[in-house]
Each structure stands twice: as structure tokens, then as C-alpha cells.
Amino acid sequence: MSMDAGWYLRRLSRMGPAEVAGRAGDTVRRRRWRSARPVCPEVTGARFTAVLPPEALASVPPDAVKRLVAEADRLMAGHAEFFGVVRDDLDDPDWWYDPKTGRRAPWGYAFDVPYRDEEAIGDVKQIWELSRHQYLTVLAAAYAVTGNERYAQRVAAHLRSWWSANAPLRGVHWTSGIELGIRLLSWVWIRRLLDGWPGAGELFEGNPVAVAQIWHHQRWLAAFPSRGSSANNHVVAEAAGQFAAACAFDWFPSSPRWRADALRSLERHLRRNTFPSGLNRELASEYHGLVLELGLAALAEADTAGVPVPASVRLVLLRMTDALAAIVDNRLRPPRQGDADDGYGLVVDGAGTDRWASLLATGEAVFGRLDWWPMVPAADVRTPLLAALVRPYAAKGRPVERPAYFADAGLTVLRGPEEIWCRLDGGPHGFLSIAAHAHADALSVEVRHDGVDVLADPGTYCYHGQPAWRQYFRSTLGHNTLRLDGADQSVSGGPFLWTRHARSRVLLADTSGAGAARWCAEHDGYRPAVHRRWVELTSATRELRIVDEVSGGPRAVQLLFHLGPAVTARLTGSRALLAWTRDGEERSATLDLPGELEWRAHRGESDPPLGWYSPGFGRKEPATTLVGTGVSGGVDGFVTVLGFHG
């Protein structure tokens with residue numbers, strides 16, 4: 001998707017003077033580097049000392065080792081899947097090839113590559129993902145736990161291939177700071193995990209090409225940080241990767257400065273990207289996980305290198321961990337809120353490892369678990385490795401009971417019997433002026449029963465190249481809320497840009513009662529009209545009651561309920577009978593819908609998109625969406641009741 005002049009004007013309108021000045025300076029620097037590329041200083045006597053303690057690998061659970069080795073063997077056979085696209089060419093990959101479109105990114109000066117234009121280069125996410133080198137950290141981890149040198153040899157061959165094909169400042173892999181930051185973090189862990197292999201030193205510190213690549217990555221990140229309205233999870237990844245490399249690969253005259261600058265940036269942006277309650281300000285659960293992983297990985301490098309970090313860094317990561325423990329359902333799944341692109345900070349585990357259980361296990365090892373935390377199995381590779389490097393941290397003032405209402409984030413979780421879980425959205429429309437990863441989902445509701453999506457957030461599916469699908473999955477139409485006059489609550493100016501944000505506020509969040517929990521919020525996205533929603537979860541009857549009110553005169557209404565892909569629906573008039581299975585057991589519920597509206601079921605429609613669920617980035621599957629159409633103005637509002645059967 002190429003950007004027209006209108007997009008650039010809209011994007012410029014969301015920047016402040018300091019950001020505009022900084023970006024102008026970046027433009028000048030890019031032009032200067034075109035003709036006078038920075039030269040890596042000569043390095044002699046480089047050593048790598050950021051190794052794992054001897055006992056770390058021995059503490060990896062046997063089941064985690066089995067999953068890791070199975071995944072590594074699939075990779076050795078050339079097989080992998082990225083964002084729904086199966087690849088069988090990983091024995092000798094083409095680093096610039098997009099298997100989804102068949103296109104290949106062009107060679108040239110990095111800042112000339114039109115990486116947003118799928119017609120020119122293909123799907124950039126497909127091209128970038130392999131070059132984060134997180135599949136190589138998996139292979140390196142397999143070497144570390146088995147001692148089998150074929151894994152190490154494959155890692156070495158692929159790194160040498162990548163370094164040869166991607167000269168500094170040439171091509172698509174030098175266009176985005178988050179990619180450079182995550183790649184540096186991968187290289188640090190690859191070197192650490194290969195430390196017992198005789199060829200590790202020759203591959204890294206004894207290899208002038210590797211040394212130059214590491215220097216140029218850090219020099220790039222120091223010169224072109226994400227700024228202003230773009231200072232979201234990207235700047236955290238840039239700072240974490242820069243800091244990790246400056247600690248572990250401290251071979252250059254600039255290393256002390258890069259390390260200090262990156263630590264200042266990391267501390268500042270961890271705080272800015274996180275609410276005091278511990279939730280990520282982007283209000284996108286997967287980015288909460290990404291930022292937490294990046295922060296913990298950076299902390300591991302600091303403690304390994306003996307670099308003091310501000311207390312606020314550990315405190316933010318502790319609060320993020322407690323917040324994650326508070327919001328997950330009984331199957332340890334967090335909300336499906338906002339954008340999600342399957343991005344990880346550090347990967348050393350095999351397929352089938354639960355990301356959220358892994359993060360909570362690491363949190364338990366580093367910060368200690370609280371009594372109200374869910375039980376988490378010790379079942380991953382990453383936790384014992386990080387725990388061996390990170391100094392344990394204890395802090396006062398942690399929640400004594402499981403939080404259910406996060407006032408600063410506007411997020412509320414209601415819980416009922418039989419593992420009923422309900423997430424309610426009454427918070428800000430994303431983070432910073434562009435709210436890049438926000439969805440137009442004000443007052444949306446997400447309901448699960450024993451971990452099964454009943455009323456589902458459909459997810460994200462894609463970023464670039466498919467504008468109709470990108471628009472649908474982030475639209476009001478794509479969420480369990482009320483839509484007026486066929487418009488979104490917030491105004492989109494591009495695939496990662498919102499030019500007007502709906503403002504929401506929570507009026508009531510009473511989660512203390514044993515018999516019933518109540519919530520009420522409103523937003524002004526359709527001003528002068530105001531949409532107000534009331535929700536009540538009654539434990540005795542296992543019923544969730546939703547009342548939608550619209551003030552400001554009659555308006556065309558669509559009330560939307562997206563069902564999870566496992567749920568079947570039989571719609572008769574204004575009543576839907578829902579059914580699904582969990583662990584072989586049949587479950588059911590009744591959804592009584594407002595009779596004032598005309599109801600239709602939609603499933604797997606493409607023109608326009610409606611009735612879809614995205615289980616992960618690049619993947620989608622049909623799911624039932626119930627749409628009620630009519631006109632607002634009723635005295636009692638629109639009443640919906642979801643009743644779970646015993």
C-alpha cells in the first residue's frame with residue numbers, strides 16, 4: 001500500500017513541532033549517509049563474556065526441551081510457517097523474497113525502498129519476519145540444550161548468508177528501527193547460546209563482517225530513533241536491542257555512550273508506554289506482551305553486565321506482570337484488544353509453548369507470585385534462562401487482591417461462575433496522537449466461557465497490502481458494540497493513523513458484589529449523539545445483560561455481536577441459540593436480542609468483509625456475526641441478554 005499526498009498531510013497534522021524538526025534532521029542525515037556511509041572503527045581483542053551461568057540449561061524442563069528440539073528439527077528440514085504462509089525453503093532462504101505474493105524486494109539504498117508498497121516489494125511483514133532471526137535463536141537454543149553441532153552450523157551458515165546479502169544501509173532490512181532492534185537482541189542470544197560451540201568466537205567477535213554489522217546496526221539506531229507520535233512499542237524495541245548489544249557486544253569506542261543513551265530511552269519509554277496500573281497504553285494485549293518481553297530481555301543484559309538500571313525500570317515491568325496476571329482468563333489468555341501481529345521480543349521455545357504462561361512464569365521467578373495469581377506451570381525454556389540472568393526484585397505496594405477495574409486504561413474484567421470472563425472497554429482510543437494500533441471499539445464487550453470465545457473480538461488479520469480487510473478488522477463494524485449511521489466511532493486517516501478519536505469514560509465499575517457485577521460507560525464518537533452502555537453479570541442466573549442507549553435524536557443503528565469460531569448459532573427472530581464444545585463436552589447459551597431491531601446472521605462474507613475471526617496475524621476463518629439494524633430512540637434502550645445454560 002503506497003501512501004498518497006493526502007496521507008502525508010494527515011500524518012503531518014498529528015505531529016508536534018519537535019517531531020517535525022527531528023524528522024527533518026533525519027531526512028538530512030539520510031541524504032548525507034547516501035554519499036558518505038559511516039565506517040566501522042577497527043576492533044581488536046573483542047571478547048564475549050555475557051554467558052549463561054552453568055546451572056541455567058540444566059533447569060530447563062524436559063518437556064520444554066522436547067518441544068524445542070522438535071521445532072528445531074522442523075527448521076533444519078527447511079519447514080516453517082510465518083503469518084499463515086508455509087515455507088519449505090529455510091534450508092537456504094532468499095532474504096528478500098515474499099512467499100505470499102511471489103515478489104522480491106528491490107536492491108538499493110535503504111531509505112529509497114518503498115517498503116509500504118506491496119506492489120513494489122511484496123508483503124513487507126513476510127520479508128521482515130525471517131530476518132528478525134528468531135528462528136535462529138530457536139536453533140541456537142537447541143544446540144545449547146543438546147550439544148548437537150548441526151544446529152550451530154546451520155545458525156552460522158544462515159548468519160553469514162544474511163550478512164553477505166544485506167550490506168549496511170542496503171535493502172529492505174535497513175528501513176525500520178524495530179527490525180534492527182529485535183535482530184540485535186536475537187544476535188546477542190545466539191552468541192550466548194552458542195558459547196559452548198568452538199566456532200562461536202570465529203562467527204562473531206573474530207569475524208570482521210559480523211563486527212561491522214553489529215556496529216552499523218547500533219549506529220543506525222542511535223541516529224534514527226522513532227519519534228513523537230511514533231514512539232510506541234517500536235521505540236522500546238529499538239532501545240532494548242541497542243542496550244542489549246551495547247552491553248553484550250561492548251567492543252566499540254561508542255559502546256558506553258550507546259549503552260547510556262539506550263538505557264535512558266528505555267526507561268523513559270517504558271514509563272510513557274505503560275499506565276500506572278501496569279497496562280500498556282496502546283491498549284493492545286499483544287503489544288503489552290511484546291514490550292514486557294523486551295523489557296525483561298534488556299534487564300537480563302543489564303544485570304549480566306553489572307549495569308545499574310533505574311528502579312523505575314524494574315517497577316514498570318513488575319506492574320506489567322501483575323496487570324497481565326490480573327486480566328487473563330482461566331486458560332491464561334489475555335483480552336484480544338487492539339492490533340496483534342504475533343510479534344515476540346525473544347524466542348527460544350518450540351511451537352506449542354504458551355506465551356502468556358511463559359511470561360507469568362518468568363514474572364514469578366523474578367518478582368514473586370501473589371496469592372491471587374493464576375497457577376502457572378513451569379513449562380518453557382525462556383523462563384529459567386532469563387531467571388538465571390535477572391536479579392530478583394521485590395517491591396511493596398503490590399495489589400493484595402486481583403484487580404478487576406483499571407481506571408487509567410478504562411479496562412474492566414467481570415468474572416462469573418463456571419469460568420465466565422467478560423472484558424469491557426471504556427478507555428482511551430489508543431496511544432499518542434495517531435493511535436496506530438487502536439481499533440474503533442469503544443464500549444465493546446468480549447465474553448468467554450472456560451476460555452472459549454463466545455462474544456469474540458475478531459482480531460487483526462493484516463496490516464499492509466489489503467486495505468479493505470485492514471479497515472474491517474479495526475472498524476466499529478468489526479467489534480461487539482453499537483454503530484451509528486454506518487460510520488466508525490473514530491475517524492481513520494490511514495492503516496496506522498486515526499485523525500479523530502472517540503472519547504470514552506467509565507461511569508460505573510462495581511466488581512465487588514458477590515451476586516452481581518455492574519459496569520456503565522459512554523463515548524462521544526458520534527457527537528452530538530452519545531452512546532451509553534450498561535452491563536450486568538449476575539452469578540446466580542449466569543446471565544450477562546447489556547443495555548445500549550443513544551441520546552441526541554433518532555439515528556440509524558447497527559448492533560453487532562461477533563461469535564467465536566467454535567460457536568454455532570441458530571437465529572430465530574430475535575433469539576439465537578448458541579452451542580460449542582470444550583474438551584469434548586457440549587456447552588450452550590441463549591442470546592436474546594433486542595426485538596426492536598431486525599436481525600440477520602452473516603458468516604464468511606468478503607464483499608464487503610463481515611463474519612470473520614483472525615486467530616493470528618495473516619490468518620482468518622469464517623465466524624458468525626449477528627447484526628441488528630433499526631433506528632435509535634427507544635425509551636428503555638436496546639436490551640440484550642446472554643444466558644449460559646447449566
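**Close-up views of a predicted model**

**View 1. Contacts across the chain.** In this predicted model, contacts between residues at least 6 apart in sequence were considered, and 71% of them join residues at least 24 apart.

**View 2. Overall fold and dimensions.** The protein holds 17 helices and 25 strands. Its radius of gyration is 25 Å, close to the 26 Å that the globule rule gives for 646 residues, so the protein is as compact as a globular protein of that length. The C-alpha trace spans about 80 × 55 × 45 Å along its principal axes.

**View 3. The largest nonpolar core.** This core has 146 residues. W187, W189, L194 and F249 have the most contacts inside it. Buried residues make up 59% of the 646 in the protein.

**View 4. The surroundings of W189.** W189 is one of the residues with the most contacts inside the largest nonpolar core. Which residues does W189 contact, leaving aside its neighbours within four places in sequence? Leucines in the list are L52, L346, L385, L386 and L389. T137 and E301 are also in contact with W189.

**View 5. Another core.** Apart from the largest nonpolar core lies another, of 40 residues. V506, F561, L626 and L642 are among its members.

**View 6. Surface and charges.** The protein exposes about 23,700 Å². Carbon and sulfur atoms supply 51% of that area. The protein carries 73 positive and 74 negative charges. The mean positions of the two sets are 6 Å apart.

Technical notes: Residues numbered from 1 in each chain as written. Predicted model: local features only at pLDDT ≥ 70, side-chain atom pairs only at ≥ 80, totals over all residues. Heavy atoms only, no water. Helix = DSSP H or I, 4+ residues; strand = E, 2+ residues; numbered from the N terminus. Rg over C-alpha atoms; globule rule 2.2 N^0.38 Å. Buried < 20%, exposed > 50% of the residue type's maximum accessible area, 1.4 Å probe, protein only. Contact = heavy atoms within 4.5 Å. Areas by Shrake-Rupley, 256 points an atom, 1.4 Å probe, with all protein chains shown as cover. Lys, Arg positive; Asp, Glu negative; His and termini not counted. Charge placed at Lys NZ, Arg CZ, Asp CG, Glu CD. Core = buried A, V, L, I, M, F, W, Y, C linked by side-chain atoms within 4.5 Å.
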